[in-house]
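Reader: I would like to go through this model term by term, asking at each step what justifies the word that is used. Could we begin once the structure is in view?

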Amino acid sequence: MDRALWLLPALPLAGFLILALAGRGLPRAAASVIGVGSVASSAIVAILLAARFITSPPEGHAVVQPLWTFFDLPQLRVEAALRLDALSVVMVLVVTVVGALIHLYSTAYMRDDAGYARFFAYMNLFVAAMLTLVLADDLFFLFLGWEGVGLCSYLLIGFWYDDPKNGQAASKAFLVTRIGDVFLAIGMFLLVSEFGTLHIATLLERAPQVWAAGSGIALAAALLLLGGALGKSGQLPLQVWLPDAMAGPTPVSALIHAATMVTAGVYLIARMNGIFILAPTAQTVIALVGAATLLLAGACALAQRDIKRVLAYSTISQIGYMFLALGVGAWSAALFHFFTHALFKALLFMAAGAIIVALHHEQDMFHMGGLRKRLPLVFWTFLVGAISLSALPLIGAGFYSKDMILFEAGTSQLGSPALWVAGVIGAFITALYTFRMIFLVFFGAEKHEVHGGTSPAMAVPLVVLAVATTLAGLLELPRTLGHQPRFSHFMEHTLPAAVLREASVRTELLVQIASGGIVLVGVLTACGLWLRPSPIVRALSGSRAARLLEAGWGFDWLYARIIAGPYTTFARVNAGDALDGASTGVVRLAEGIAAGLRMLQNGRLRWYAAAAGAGTILAIYLVVYA
Amino acid sequence: MAIIPLEDGLLLATALFVLGFAGLVVRRNIIYVLMSVEIMLNAAGLAFVVAGSRWGQPDGQIMFLVILTMAAAEVAVGLALVLRFYRQFQTLDVDAADTMRERA
C-alpha cells in the first residue's frame, strides 16, 4: 500500500494532462468525470494511506518512496522522493479531500462557463503541485511544487482573462509572491553552501550539530525561509496580493486562497522547524508578524463591502494566528488551526459562492439581505462555518484550535501576555466581522432577486464540510474538556511539543473563559451594530477611518508610491541613457541613408534618363582620362 | 566626290546625339521623347557610317542596317507602349507616370 504514494500527485497530474491536451474536444460530462474523478481517486488513496499510517505506524514514523534523481554533482545530489509523515498526512488529507469536494462544487459553479475543461485542467494541476509540495522529501522538489502552485494561482486568478482587471490581479499575486520566493531561493542556496544537501531530514538532523543556537547564520537561514513563507501566506508586509486574488472564480478562492496554497508558508515553517528552533529571534519575528497581521487584516475585514474580500482578509488574519502559533513554538497548534481553518474557510467560501450564483454574481453585501429564508441550506452551513471562524465556545472546531493557540501564545517560553492580548483582541474582531457578514447577508430586508435554489453538486460539499467542521474539534480536546489531545499526540514524532512555562489547568480554564467571553461579547456587539440599522454604523461608514480600512490600511497606495512609482520613473529615465543611444544611433543612421536614397527614386522618367546620361559621361571620362 | 573628314563627321554625330539627349531630358511629350531617342540612334548610326568610310570598310554600313532594324522594332514596341500610356493616363506627359515613386 505504501508503494502507492506516488499515485497521490500522479493522478491529478494525469487528469491535468488529459484535460489540457484533449479538453476542447471532450463533452462537459467527460471533463467533469476526469477533473473531479482524478482528485477524488487521489483522495481515496490518501484516506487509505492515512488509515494505514495511523493504525500501524511505519518504522521511524515516516514512509519514504524514492522516485528518481534530479541531478548528481560532486557537491550536491538532489533526488525526487516522497515522504509521508504525520505532518504530510494532515496536509495531504486536507488537500485531497477538501480539494475533491471543491472540485465537485465547481461542476455546478462553473456549469455555464466556456472554459470548463480549462478550469478543471488548472485545478488538477494545482492539486498535483500542492501534493508535490507537501510530500517532497527535498527542498528542491518542494520548491518545484511551491512554484507550481504559484503558477496555478496565477492562471486561476486570471481565469476570466477578458477583463484586464483580473489579469492585473493575477500579475500582482504572481509578482508579490515571487518577492518571497526569491528569499526562499537564497535561503536554499545558503543551506546548500552550508550543508551540501537539500534533503530536509538530513538538514534538520545536521543543523543543530553545525550551528549553535542563536547563531547569526541560523538566524539568516531562518529569516530567508520566513521571507518565502510570508509571500506565499499573505502575511505582512506581503499581504497585498490576497484580497485582489478574489478576482478568480469562487472555488479557486476556496481551494487555493483559503484552504491550501496560502498555508504553504505555515507548512514550510513547520517542516523546517529545526532551523527555526535554532533562531529564537526569527521565531519572535514570526510571532510578531503573525500578531500584527491578524490584527491589521481583521480590522480591514470590518470595512469591506465585497463578501469575498471579507473572507480574504479573514484568511490573512487566521493565517496570522497560525504564524503566531509557529512563532511561540506551538507547532501542532498551528497545524491544528490550519486543519480546522481549511475546513471552515472552504465551507464559508463555497457558501458565499452559492450566494453569489443565486444573486447573479452580486458580491456586495449591502445589496444582499434577508437571504435566510430564501437560501436556508446556505444559511445554515454558512452559520456553521461562521461559528467555527469566530471560535464560539464549545461548538465549532475553530474554538478548539484557536484556543490552543491562545493558551500556548500566553504560556509558552517564547510567548508573552502581550501576544495573548493581541490574539484575544483578534478573536473579538473576528467575531465582529463574521457576524457582520451573517447579519448583512441573511437578515434584514430582501434587496435582491434570488435566482433558483442550491444545486445538489453545491449542497453536498457544503453539508459534508459543515458536519466535518462541527466534529473536527473532537480531535483535540483541551484538558479542561476531557483532555483528548489526539491531534498533537499524532504530531509528536514530527513536530516538537510547545515548551510551556506555566501550564496549570486552572490557567487554561481562565484563559478559555476570557477568550470565550470576549467572543460572545463580539457576537453581541455585531448583533447590536448590524442586525438593525444602527446610528453608530451610519456615522462611521464613509468616514476617513472606514475608507482607510476598506483600502487595507493603504498598503497598495504606499507600495505604489515607494516601490512601483520610483521604479517606473527610474525605468523611464533610464530608457534614454547613453548606452541606449548607441543602438538607437545605428537605427537613426540607417533611416537617414534610406531617406537620402529614397529621393533618387522620384518616378520621373526624364530624371532617370538624365542620371543615366550623366553616369555614361562619367564612365567615359574615367575610361579615357583617368 | 569630296571626302568628308572623319572629325567633321564625328562632330556632326556628336551634335546630333547631344540634341537627341537634350530632347529626351527636356521634352515632356512622350512622342517627342521617342523621336529624340530615334535621333540619338541615328547619330550613333552616322558615327558608324563615317568611321566605315574613313577606313573603306563595309562594316559601318552593315552596323547601320542593324541599328535601323533595331530602331524599327523599338518604335513598334514604343508606339504600342505610348498607346497604352495614353489609355491609362489620358495624357502624353511622361511626368504623369510616376506612380512607382517613393511617396514621402
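Author: A suitable place to start is Ser412(A), which lies in the loop between α18 and α19 of chain A, where helices (H or I, at least four residues) and strands (E, at least two) are DSSP runs numbered from the N terminus. The model is a predicted one, in which local features need pLDDT of at least 70 and side-chain atom pairs count only at pLDDT 80 or more, while totals for chains, interfaces and linings use all residues. Side-chain values use heavy atoms, with hydrogens and water left out, residues are numbered from 1 along each chain as its sequence is written, and chains are lettered from A and ligands numbered from 1 in the order in which they are written.

Reader: Why is Ser412(A) called buried?

Author: The term buried means under 20% relative accessible area, exposed means over 50%, and partly exposed covers what is in between (1.4 Å probe, protein chains only). Ser412(A) has a relative accessibility of 0%, and therefore it counts as buried.

Reader: Which residues does Ser412(A) touch, if those up to four places away in sequence are not counted?

Author: Contact means heavy atoms within 4.5 Å, and on that basis Ser412(A) touches Val328(A), Val499(A), Leu500(A) and Arg501(A).

Reader: What makes Arg3(A) exposed rather than buried?

Author: Its relative accessible area is 55%, which is over the 50% limit, so Arg3(A) is classed as exposed. Arg3(A) is placed in the segment before α1 (7-22) of chain A, and, leaving aside neighbours within four places in sequence, Arg3(A) is in contact with Val64(A) and Gln65(A). The C-alpha atoms of Arg3(A) and Leu49(A), which are 46 residues apart along the chain, are separated by 9.8 Å.

Reader: How many disulfides does the structure hold, and by what criterion?

Author: Over all chains there are zero disulfides, the criterion being a pair of cysteine sulfur atoms within 2.5 Å. As for individual cysteines, Cys152(A) has a relative accessible area of 0% and is therefore buried, and Cys300(A), at 2%, also counts as buried because that value is under 20%.

Reader: What describes chain A as a whole, in terms of helices, strands and buried residues?

Author: Chain A has 27 helices and four strands, and 55% of its 626 residues count as buried. Its C-alpha atoms fill a box of roughly 120 × 65 × 50 Å, taken along the principal axes. Among contacts in chain A with a separation of 6 or more, 81% are between residues 24 or more positions apart.

Reader: Where do the domains of chain A lie, and where do their bounds come from?

Author: Chain A is divided into domain 1 (339-477 + 498-540) and domain 2 (582-625), with bounds that come from an automatic or database domain assignment. The centres of domain 1 and domain 2 of chain A, taken over C-alpha atoms, are separated by 82 Å.

Reader: What makes an empty space a pocket, and what makes it a cavity?

Author: On a 1 Å grid over the protein atoms alone, a cavity is a set of points where a 1.4 Å probe fits but cannot get out, whereas a pocket is an open set with protein on both sides within 12 Å along at least five of seven lines; lining residues have an atom within 4 Å of a point. Grid points are joined across faces, edges and corners, and a volume is the space filled by probe spheres set on the points. By these rules the largest pocket has a volume of about 780 Å³. Its lining has 32 residues, of which Phe366(A), Arg436(A), Trp530(A), Val537(A) and Ser541(A) are the closest to its centre. The largest share of that lining, five residues, comes from α24(A).

Reader: How many cavities of 30 Å³ or more does the structure hold, and what lines the largest?

Author: There are four such cavities, and the largest has a volume of about 140 Å³. Of the 17 residues that line the largest cavity, Gln239(A), Val240(A), Tyr313(A), Gly552(A) and Phe555(A) lie nearest its centre, and α13(A) gives the most to this lining, with four residues.

Reader: What is the volume of the second largest cavity, and which helix gives the largest share of its lining?

Author: The second largest cavity holds about 50 Å³ of space, and α18(A) contributes the largest share of its lining, four residues.
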